[in-house]
Amino acid sequence: MLNKTLVPQSVAREIQNMIQSGSLKPGEKIPSQREFSLKFGISRASLREALLTLETLGLLKTEAGRGTFVSGGPSSASNHMGPWRYSDSYSVFDVFQTRIMLEGQMASLAAGRLMANQLDQMEKMTRQMEEAWAQQDLLANVEADLEFHAIIASACSNAMLRALYQTVREQVTATQRQPIPITDPERMDESIAEHRRIIAALRANDSVAARLAMETHIRNTARCAGLEP
């Protein structure tokens, strides 16, 4: 039985495993939503969320009037970003720009407040990002990235900023997934090194360095997506 609170993520992982094992092959049309919903015993809403996640990561692509297909290529990932799901409300540029201001300040205000076990967990998440990327487990790579940033946000001393982060969490999460299809190994290595610089600044209780390291990291991620916020 799938964990009810993690149904879309669990189903996304099942489908990613099907792609990696070859059960679903590059270029193959995936089963209908009705068929997949019955297979996994979930609602179509949860399935759609899982499919959107995989499309954002470049593992699936939807063609108007034809359906959803497994992306081609050696790793079954595409080489272009998927559609931005929040285009009716905010541009990707707007969200990255907000992240620079919000997460940079939150990192500054988290300096001196993170416990040793939280910093160790951030180190662990960074290692998991690295290992998952090497295995092309894109879901695990992003999940580790999300937890890394969430730990910092949870330690911010400003309660309103913490609440604001939760309010925009879905959009923030989307920008962490969005550049994955066009991220090359060199950029991922840089991103992981940036995480480690953020950790070092936070371990040193250096609020200025933590803010600058976080702002640099988000800017570089935005550049990977072709943006200059």
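In the predicted model, Thr221 touches Phe96, Pro179 and Arg187, residues up to four places away in sequence not being counted. Thr221 lies in helix H10. Its relative accessibility is 14%, so Thr221 counts as buried. The cut-off for burial is under 20%.

Thr221 also borders empty space. A search of the whole structure returned two cavities of 30 Å³ or more. The largest has a volume of about 170 Å³. Its lining comprises 15 residues, and those closest to the cavity centre are Asp145, Gln176, Met188, Ser191 and Thr221. Three helices each give two or more residues to this lining: H6 (138-155), H9 (185-203) and H10 (207-224). The lining is mixed in class. Six residues are nonpolar, six are polar and three are charged.

The second largest cavity has a volume of about 30 Å³. It is lined by Glu103, Met106, His149, Ile152, Ala153, Tyr165 and Met214. Helix H4 (92-110) and H6 each give two or more residues to the lining of this cavity. H6 gives the most, with three residues. By class, five lining residues of the second largest cavity are nonpolar, one is polar and one is charged. H6 thus recurs: the helix is listed for the lining of the largest cavity and for that of the second largest.

Open space was examined as well. The largest pocket has a volume of about 270 Å³. Of its 15 lining residues, Gln9, Glu49, Leu146, Thr173 and Arg177 are the closest to the centre. At least two lining residues come from each of helix H1 (7-21), helix H3 (44-56), H6 and helix H8 (169-177). The pocket lining holds six nonpolar, three polar and six charged residues. H6 is again among the contributing helices.

Helix H9, one of the elements lining the largest cavity, was considered in its own right. It has 19 residues, which at 1.5 Å a residue should span 27 Å. The end C-alpha atoms of H9 are 27 Å apart, so the expected and computed spans agree. The buried residues of H9 are Arg187, Met188, Ser191, Ile192, Glu194, His195, Ile198, Ile199, Ala201 and Leu202. Two of these, Met188 and Ser191, are also among the residues closest to the centre of the largest cavity. Arg187, another buried residue of H9, is in contact with Thr221. The cover over the buried residues of H9 includes H4, helix H5 (116-134), H6 and H10. Just after the helix, Asn205 takes a positive phi of about 55°.

Attention then turned to the strands. Leu60 is located in strand E1 (residues 60-63). Its relative accessibility is 3%, so Leu60 counts as buried. Neighbours within four places in sequence were left aside. On that basis, Leu60 is in contact with Ile19, Ile30, Leu51, Leu54, Glu55, Thr68, Phe69, Val70 and Ser71. Leu60 and Glu35 are 25 residues apart along the chain, and their C-alpha atoms are separated by 17 Å.

Ser71, one of the contacts of Leu60, is found in the loop between strand E2 (67-70) and H4. At 1% relative accessibility, Ser71 counts as buried. Ser71 and Leu59 are 12 residues apart in sequence, whereas their C-alpha atoms are 5.4 Å apart in space.

The overall fold was then described. The chain has 10 helices and two strands. From the N terminus on, the order of elements is α-α-α-β-β-α-α-α-α-α-α-α. The C-alpha atoms fill a box of roughly 50 × 35 × 35 Å along the principal axes. For 229 residues, a compact globule would have a radius of gyration near 17 Å. The chain has 18 Å, which agrees with that expectation. Of the 229 residues, 47% count as buried. Contacts between residues at least 6 apart in sequence were also assessed. Of these, 73% join residues at least 24 apart.

Notes: Residues are numbered from 1 along each chain as its sequence is written. This is a predicted model: local features need pLDDT of at least 70, side-chain atom pairs count only at pLDDT 80 or more; totals for chains, interfaces and linings use all residues. Side-chain values use heavy atoms; hydrogens and water are left out. On a 1 Å grid over the protein atoms alone, a cavity is a set of points where a 1.4 Å probe fits but cannot get out, and a pocket is an open set with protein on both sides within 12 Å along at least five of seven lines; lining residues have an atom within 4 Å of a point. Grid points are joined across faces, edges and corners, and a volume is the space filled by probe spheres set on the points. Helices (H or I, at least four residues) and strands (E, at least two) are DSSP runs, numbered from the N terminus. Ala, Val, Leu, Ile, Met, Phe, Trp, Tyr, Cys and Pro count as nonpolar, Asp, Glu, Lys and Arg as charged, and the others, Gly among them, as polar. The expected span of a helix is 1.5 Å times one less than its number of residues. Buried means under 20% relative accessible area, exposed over 50%, partly exposed in between (1.4 Å probe, protein chains only). Contact means heavy atoms within 4.5 Å. The radius of gyration is taken over C-alpha atoms; the globule rule is 2.2 Å times the number of residues to the power 0.38.
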